[in-house]
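Open the model in your viewer and keep the selection tool handy. We will go from stop to stop, picking a piece each time and looking at what is there.

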Amino acid sequence: MKWILKRLPIVPNALFIALLLTGLLPDKTYRIADHPSYTVGLAIALEVLLLAISFLVKKESLRHIFTDVLGIIFAFLIFWILATIKFDLPGNAKQAVFPPPGAVLEKFTMDFGQTLTNIKDSLALIFHGYLIAVLTAIPLGLFLGWNVRIGAAAGYIAKFLGSISPIVYIPYAIVLLPTFRAASVFVIVIASFWPILASTMSGVLNVEKRIIDSAKTLCVGRFTMLFRIILPASLPQIFIGCNQGLSISFILLVSAEMIGARSGLGYFVNNYANFGNYTTALAGVITIGIVVTVITFLFNLLQRFLLRWKQA
Amino acid sequence: MNKIEIGNIQAEYTDKNGTFLALKNVSFAVREGEFVSIIGSSGCGKSTLLGILQGIISPTSGNAFIDGQPITGPGTNRAAVFQHYSLFPWMTVRKNIAFGLKQAKKDLTRNERYETANIFLKKVGLTGFEHKYPFQLSGGMQQRAAIARALAMDTDILLMDEPFGAIDAKNRSNMQELLLTLWEGDGRSKKKTVVFVTHDIDEAIFLSDRIIMLSNSPGQIAAEFDVHFPRPRIHSTIRETGEYINLRNKLMALFYDENTGVAATEEYAI
């Protein structure tokens, strides 16, 4: 009994109960149809998850991360409900922009099939662009970082070009590239290219000199030096740029899918926001958030695997 | 026959404080199969000298020959062991050795490389650690793996730059005995020529056939000593002899004389 109580996180559970009680307060505004049952459903699902994590996850630090995040979600839902339907705030006159969570969740559930297609299309676009960026920026970065003289000049040029928002390139991409799809991919390529190039170059410049000497005494050829010594040695640094590139890719997803796309999360959000349907647009925004979180998690697993040789 | 010949080497070194002379008029020769230690305090240019032999540093003037051929760069007739980062941190111990083998002997298959790696890991007592990454091993084990790689490459010449400098005293003695055992081999095969850089006088006496002492800034040859203890050598039997104490005292006197102040502070700092 004592053990059970000790494992139960107090604050997140209290917030769960507070969330249910908030739902019982009288509504003040009715301009948009709310679906409180969806909010309650989500709250209960999250609470089940909370209890499962509390008792099944053994590692304390990991358990705290999950339970804290769930607590924050509960707190946010309380605030969301209070601000949109339980108080008559001035902004609520434009309630189309501030839909309550139940309405958003209802749209999210109803459009779920469409959402899956959107996720698939967006991930295909990002994967396509990101892969091109990785496969060009890393070898170029290795080359420029290794050739000190040209690299110094390239560093400044990369800074200059990297500071230009990829959105600026969109009209040129549409004119120059054969398809709209290619233009969309191009936006993602440009977005992730610069941070990966910059981090690869600085990674190469910071490789421990003694490692390079050690490799030299083994008579490694130019190719082996670049791809079997310099590349793995600068991989920790390269991953920093790859992380940034991935984040920027998702930020620019909306812009990329403005170009002639007919599906995808960015297109979905942009389209519904343009027609004033913020309930559906918000459902899309939340989906993007979930997708980014999952992708980041998987990316970190990959990073931890590839850098398993490094002392934590 | 002379395996290595160094003639009138000068080496300049430039950093933000300007250019200074690291080595001045250094000449010596190493016979085939000889174990030579180069001893001197930090910054006396002994690592520069080894770098020249490794082919990763070019002397400002003078000649360096191996087998009568001038050194123009690194070569697979030489294997190196450094104090740090001899091994590549992203390769497992076995992969590190296999990588060295691949560079030294192009005609081995992948399986042959791994088998050879296992044989040499066994020789240095690292069986069972094949799939560990360097960071998972102690400093002494890392150096044993580095020595295993150098020996597996089966080069004529072994160039070692303070390989035991970062290892605690007890392990260091063990490593020195291990190194000699491996170097002496079964007595039938040809001994490798070793150039061993150190600032540890006891280490130099225990290991070497000959000791070359460098003086400080600029590095010049201050003295040479032949070491005549019979092999195989064991620490416990050599340390007590009068000959050892004599040689040690001579070296110590010269060491502190040549490096007044500098070496003394270094000794006490450790």
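One definition before we start: a residue counts as buried if 20 or more other C-beta atoms lie within 10 Å of its own. Keep in mind, too, that this is a predicted model.

**Stop 1: Gly219 of chain B**

Select Gly219(B), which sits in the loop between strand 9 (210–214) and strand 10 of chain B. Is Gly219(B) buried or exposed? Gly219(B) has 25 other C-beta atoms within 10 Å, so it is buried. Now show its contacts. Leaving aside residues up to four places away in sequence, Gly219(B) touches Ala22(B), Leu23(B), Lys24(B), Val26(B), Gly40(B), Cys44(B), Gly45(B), Lys46(B) and Leu214(B). Add Ser41(B) to the selection: it is 178 residues from Gly219(B) along the chain, yet their C-alpha atoms are separated by 9.9 Å.

**Stop 2: the sheet of chain B**

Switch to a cartoon view and find the open sheet of 6 strands in chain B, with the order 6-7-8-3-9-10 and mixed pairing. Which strands stand at the edges? They are strand 6 (78–81) and strand 10 (221–226) of chain B; each has a single partner strand, so one side of each is left without a neighbour in the sheet. Direction ignored, neighbouring strands of this sheet are turned by 15° against each other on average.

Next, colour strand 7 (residues 157–161) and strand 8 (residues 193–198) of chain B, which pair in the parallel sense over 5 bridges. To see one pairing up close, pick Leu158(B), whose bridge partner in strand 8 of chain B is Val194(B). As a general reminder, strands of a sheet pair through backbone hydrogen bonds. Then add helix 4 (residues 139–152) of chain B, which lies across strand 6 and strand 7 of chain B and runs at about 180° to strand 6 of chain B.

**Stop 3: all of chain B**

Zoom out to the entire chain. Chain B has 9 helices and 10 strands. Its radius of gyration is 18 Å, close to the 18 Å that the globule rule gives for 270 residues, so chain B is as compact as a globular protein of that length. The C-alpha trace of chain B spans about 50 × 45 × 40 Å along its principal axes. Of its 270 residues, 40% count as buried.

**Stop 4: where the chains meet**

Show both chains together. How many residues does each chain bring to the contact? Chain A brings 15 residues and chain B brings 18. On the chain A side, helix 10 (209–217) and helix 11 (222–251) are the elements that give two or more residues, and helix 10 of chain A gives the most, with 6 residues. By class, this side of chain A divides into 7 nonpolar, 3 polar and 5 charged residues.

**Stop 5: inside chain A**

Hide chain B and colour chain A by its domain assignment: domain 1 (2–109) and domain 2 (112–306). Their C-alpha centres lie 34 Å apart. The contact takes 9 residues from domain 1 of chain A and 8 residues from domain 2 of chain A.

Finish at helix 13 (residues 265–274) of chain A, where the buried residues are Leu265(A), Gly266(A), Tyr267(A), Phe268(A), Val269(A) and Tyr272(A). Their cover includes helix 6 (112–146), helix 12 (253–256) and helix 14 (278–306) of chain A. Following helix 13 of chain A is Gly276(A), with a positive phi near 75°.

Terms used
Residues numbered from 1 in each chain as written. Chains lettered and ligands numbered in written order. Predicted model: local features only at pLDDT ≥ 70, side-chain atom pairs only at ≥ 80, totals over all residues. Pairing = 2+ DSSP bridges. Helix = DSSP H or I, 4+ residues; strand = E, 2+ residues; numbered from the N terminus. Axes fitted to C-alpha atoms, helices over the stretch in contact; angles between N-to-C directions. Contact = placed C-beta atoms within 7 Å. Rg over C-alpha atoms; globule rule 2.2 N^0.38 Å. Buried ≥ 20, exposed ≤ 12 C-beta atoms within 10 Å, placed from the backbone. Domains from an automatic or database assignment. Nonpolar A, V, L, I, M, F, W, Y, C, P; charged D, E, K, R; others polar.
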